[in-house]
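Colleague: Got a minute to walk me through this one? I'd like the short version.

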Amino acid sequence: MAKRRNENLNMSQALNEFIKENRLQKGMDKVDAREAWRNLMGNGVNNYTTDIELKGDTLFVALSSSVLREELSLGKSKIVKMLNEDLGKDLVQKLVLR
């Protein structure tokens, strides 16, 4: 159990400390990657996105449109770069479109 401290922490510091102590960073990265995809791709792509999953440093995205999958596969490196900029760290190294 964590020791009680007398100093005041702001909310973000307290949450970051909680995530670190409970080793929840991988789960938070998965949620952040999903949100980054949804924010960057917009409604047009999100309507055809059926599943988003981060495993290690690879982001797996399932799409219901084969035409859209082909279009996005042409710009994979740019998409990875945009995702990492949005996340603020190099979390995604590879993008797999299914």
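Modeller: Sure. One term before we start: partly exposed means a relative accessible area between the buried range, under 20%, and the exposed range, over 50%. R38 has 40% relative accessibility, so it counts as partly exposed. And keep in mind that this is a predicted model.

Colleague: Noted. Which residue forms a salt bridge with R38?

Modeller: E35 does, and the closest N and O atoms are 3.5 Å apart. Both residues sit in helix α2. They are 3 residues apart, about one turn of the helix. E35 is partly exposed too, with a relative accessible area of 38%.

Colleague: How many salt bridges are there in the whole structure?

Modeller: The search finds 3. Another one joins K89 and D29, with the closest N and O atoms 3.0 Å apart. That pair links distant parts of the chain. K89 is in the loop between α4 and β3, D29 is in helix α2, and 60 residues separate them.

Colleague: Is D29 buried or exposed?

Modeller: D29 is buried, because its relative accessible area is 10% and the cut-off for buried is under 20%. K89, its partner, is at 36% and counts as partly exposed.

Colleague: What else does D29 touch?

Modeller: Leaving out residues up to four places away in sequence, D29 touches L54, K89 and L91. So K89 turns up both as a contact and as the salt-bridge partner.

Colleague: And the remaining bridge?

Modeller: K55 with E53. The closest N and O atoms there are 4.0 Å apart. K55 is partly exposed at 46%. E53 is partly exposed as well, at 29%.

Colleague: Switching topic. Which residues touch the most other members in the largest nonpolar core?

Modeller: W37, L59, V61, L72, I79, L95 and L97. The core has 20 residues in total. Elements giving two or more residues to this core are α2, β1 (49–55), β2 (58–63), α3 (66–73), α4 (76–87) and β3 (94–97).

Colleague: Which element gives the largest share?

Modeller: Helix α2, with 5 residues.

Colleague: Why would nonpolar side chains be buried together?

Modeller: That is a general tendency in soluble globular proteins.

Colleague: Back to W37. What is W37 in contact with?

Modeller: Setting aside neighbours within four places in sequence, W37 contacts V45, N46, T49, I52, L59, V61, L72, I79, L83, L95 and L97.

Colleague: L95 and L97 keep coming up. Where do their side chains point along β3?

Modeller: Both point to one face of β3, and both are buried. K94 and V96 point to the other face and are not buried. In a regular strand, side chains alternate between the two faces of the sheet.

Colleague: How do β2 and β3 run, parallel or antiparallel?

Modeller: Parallel, with 4 bridges joining them. T58 stands opposite K94 in β3.

Colleague: What about L68? Buried or exposed?

Modeller: Buried, because L68 is at 17% relative accessibility and the cut-off is under 20%. L68 lies in helix α3. Apart from neighbours within four places in sequence, its contacts are V45, Y48 and L63.

Colleague: How many residues separate L68 and L97 in sequence?

Modeller: They are 29 residues apart in sequence and 9.8 Å apart in space, C-alpha to C-alpha. For another pair, take G44 and E21: 23 residues apart in sequence, 39 Å apart in space, again C-alpha to C-alpha. G44 is in helix α2 and is partly exposed, at 47%.

Colleague: Now the surface. Which residues form a nonpolar patch there?

Modeller: F18, L24 and M28. Together they have about 260 Å² of accessible area. M28 belongs to helix α2 and is partly exposed, with a relative accessible area of 34%.

Colleague: Last one. Which residue has a positive phi although it is not a glycine?

Modeller: R23, with a phi of about 50°. R23 is found in the loop between α1 (11–21) and α2. R23 counts as exposed because its relative accessible area is 76%, and the cut-off for exposed is over 50%.

Colleague: Great, thanks.

How values were computed
Residues numbered from 1 in each chain as written. Predicted model: local features only at pLDDT ≥ 70, side-chain atom pairs only at ≥ 80, totals over all residues. Heavy atoms only, no water. Patch = residues over 30% accessible without salt bridge, like charges linked within 9 Å, V, L, I, M, F, W, Y side chains within 5 Å. Areas by Shrake-Rupley, 256 points an atom, 1.4 Å probe, with all protein chains shown as cover. Salt bridge = Lys/Arg side-chain N within 4 Å of Asp/Glu carboxyl O. Buried < 20%, exposed > 50% of the residue type's maximum accessible area, 1.4 Å probe, protein only. Core = buried A, V, L, I, M, F, W, Y, C linked by side-chain atoms within 4.5 Å. Contact = heavy atoms within 4.5 Å. Pairing = 2+ DSSP bridges.
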